[in-house]
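Labels in a structure description should be earned. The questions below ask how each one was reached.

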Amino acid sequence: MTTKALDQVVANQLKKTVPSFRVGDTVDVHVKIVEGERERVQVFNGTVIARKGRGINESFTVRRIVNNEGVERVFPIHSPNVVDIEVKRSGFTRRSKLYFLRDRVGKATRLREKWVGKAKKTDTSQ
Amino acid sequence: MVTALLGKKLGMTRMYDPQGTITPVTVIQAGPCTVLQVKTVQTDGYHALQLGFGTVKSSRQKQPQIGHARKAKSPPKAFVREVRLGAAAEQEVGNTLTVEVFDEIPYLDVIATSKGRGFAGVVKRHGFKGQPASHGVERKHRSPGSIGVDSGSTGRSIKKGKRMAGHMGCVRCTSRNHQVVAIDKENHLIMVKGSVPGPRNGYVVLARAKTKG
């Protein structure tokens, strides 16, 4: 009952459509950045290694390697600063959190690509 | 002007502003409250309103409560509290106060009964640091240490008010200066910044902040 009321309060803050993506996907996250007066959109590309929380608290973690250094960014899904999430590749994975990728370097960080066919289109993991 | 209301804490969530900044908010159901009694200087020596909020199951209603509430043409209320006023209120018994009383108010104080912690040790209750984890400390890692000295002829008493382990929580607690983030008049909800005392579904008193705004 209480949870329902809380969900109602933030209902208008949730994004109407959240792009469908899963853990293991390689994504482009379009992030709004304010530099003084100017506003621009930056793209952060990487692998989704975690997705957690529910409702307005939902967030996901994207990991990529920059200059041989692992970089992870956590994005709140419903933040107005996250403009778009584009799925570039879908990786096959058997677990929900890919934290083991942190211990891997180079070729070992690749994920087997998911077979993309008819099944993908009916995928309603949201 | 009445700038206080009774309510119920529903829980916490977060809100975004257009810049993407997250504000943690507590959602409180504020009112509607019924005025059960109006106290004045002439009759009681001070100005106050007695407000009632929430419903009582019919099997739990007591005759004195029913009789008291009947004067306000209302069913008995689960949570009844008095609100002190500086001057006579332009309110009558039976009036209903809604969250609109907080329309122009930027900050609120929230009064509630804090969550009970039972018999708590000094580390949790008073923020003592306890003893080291190692260096020869055995089975005393969260103990208070020395509580006084033996000064020989002047006695060996422990000072009054010495902070020790004991019952913690479950006391009336005021949390000051919560920014009002949003008001939902339709559903009688008010969103204040930060956490407030008490459990979810606990009753709270909301009042205009004493020291801010």
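A nonpolar core is a set of buried Ala, Val, Leu, Ile, Met, Phe, Trp, Tyr and Cys residues joined through side-chain atoms within 4.5 Å. The model discussed here is predicted.

Q: Which residues have the most contacts inside the largest nonpolar core?
A: They are B:Leu5, B:Leu51, B:Leu97, B:Phe102, B:Leu108, B:Ile190 and B:Leu206, in a core of 31 residues. Strands S1, S2, S3 (33-39), S4 (48-55), S5 (77-84), S7 (107-113), S11 and S12 (203-208) of chain B each supply at least two residues of this core.

Q: What is B:Leu5 in contact with, leaving aside its neighbours within four places in sequence?
A: Its contacts include B:Leu51, B:Leu97, B:Phe102 and B:Leu206. B:Ala30, B:Cys33 and B:Val204 are also among them.

Q: Which residues are among those of the other core, of 17 residues?
A: A:Val31, A:Phe44, A:Ile77 and A:Leu98 are among them. This core lies apart from the core of 31 residues.

Q: Why is B:Gln50 called buried?
A: Its relative accessible area is 13%. The limit for buried is under 20%, so B:Gln50 qualifies. The residue sits in strand S4 of chain B.

Q: What makes the pairing of B:Gln50 with B:His68 a polar contact?
A: The two side chains make this contact at 2.6 Å. The cut-off is 3.5 Å between N or O atoms, so the distance fits. Leaving aside neighbours within four places in sequence, B:Gln50 is also in contact with residues including B:Val35, B:Val80 and B:Glu82.

Q: Why does A:Glu58 count as buried?
A: A:Glu58 has 17% relative accessibility, and buried means under 20%, so the label holds. A:Glu58 is in the loop between strand S2 (38-52) and strand S3 (59-66) of chain A.

Q: Which side chain does A:Glu58 join in a polar contact?
A: It is that of A:Arg51, at 2.8 Å. Beyond four places in sequence, A:Glu58 is also in contact with A:Phe75, A:Pro76 and A:Ile77, among others.

Q: How many salt bridges does a search of the whole structure find?
A: It finds 11 over all chains. One of the linked groups is a network of A:Asp28, A:Glu86 and A:Lys88.

Q: What makes A:Glu72 and A:Arg102 a salt bridge?
A: Their side chains meet at 2.8 Å, N to O. The limit is 4 Å, so the pair passes. A:Glu72 lies in strand S4 (residues 69-76) of chain A, and A:Arg102 in the loop between strand S5 (82-89) and helix H2 (118-121), so the pair ties together parts 30 residues apart in sequence.

Q: Why is A:Glu72 called partly exposed?
A: Its relative accessible area is 28%. Buried stops under 20% and exposed starts over 50%, so A:Glu72 falls in between. A:Arg102, at 40%, is partly exposed too.

Q: Where in the chain are B:Glu82 and B:Lys39, which meet in a salt bridge?
A: B:Glu82 is in strand S5 of chain B and B:Lys39 in strand S3, 43 residues apart. Their side chains meet at 2.9 Å, N to O.

Q: Why do B:Glu82 and B:Lys39 get their accessibility labels?
A: B:Glu82 is at 34%, between 20% and 50%, so it is partly exposed. B:Lys39 is at 15%, under 20%, so it counts as buried.

Q: What makes B:Glu138 and B:Arg139 a salt bridge?
A: Their closest N and O atoms are 3.9 Å apart. The rule asks for within 4 Å, so the pair is counted. B:Glu138 and B:Arg139 are exposed.

Q: How many residues does each chain give to the contact between chain B and chain A?
A: Chain B gives 17 residues and chain A gives 14. About 1,200 Å² is buried between them, 61% of it on carbon and sulfur atoms. The rule finds zero salt bridges across this interface. It finds three residue pairs in polar contact. On the chain B side, S1 gives the most, with seven residues. By class, that side has nine nonpolar, five polar and three charged residues.

Q: What makes B:Arg14 and A:Asn57 a polar contact?
A: Their side chains make it at 3.2 Å. The cut-off is 3.5 Å, so the distance fits. B:Arg14 lies in strand S1 of chain B. B:Arg14 also touches A:Val10, A:Gln13, A:Ile56 and A:Pro76.

Notes. Residues are numbered from 1 along each chain as its sequence is written. Chains are lettered from A and ligands numbered from 1 in the order in which they are written. This is a predicted model: local features need pLDDT of at least 70, side-chain atom pairs count only at pLDDT 80 or more; totals for chains, interfaces and linings use all residues. Side-chain values use heavy atoms; hydrogens and water are left out. Contact means heavy atoms within 4.5 Å. Buried area is the accessible area (1.4 Å probe) that two parts lose on being put together, summed over both. A polar contact is a pair of N or O atoms within 3.5 Å; within protein, one must be able to donate a hydrogen and the other to accept it, and residues adjacent in sequence count only if both atoms are side-chain atoms. Helices (H or I, at least four residues) and strands (E, at least two) are DSSP runs, numbered from the N terminus. Ala, Val, Leu, Ile, Met, Phe, Trp, Tyr, Cys and Pro count as nonpolar, Asp, Glu, Lys and Arg as charged, and the others, Gly among them, as polar. Buried means under 20% relative accessible area, exposed over 50%, partly exposed in between (1.4 Å probe, protein chains only).
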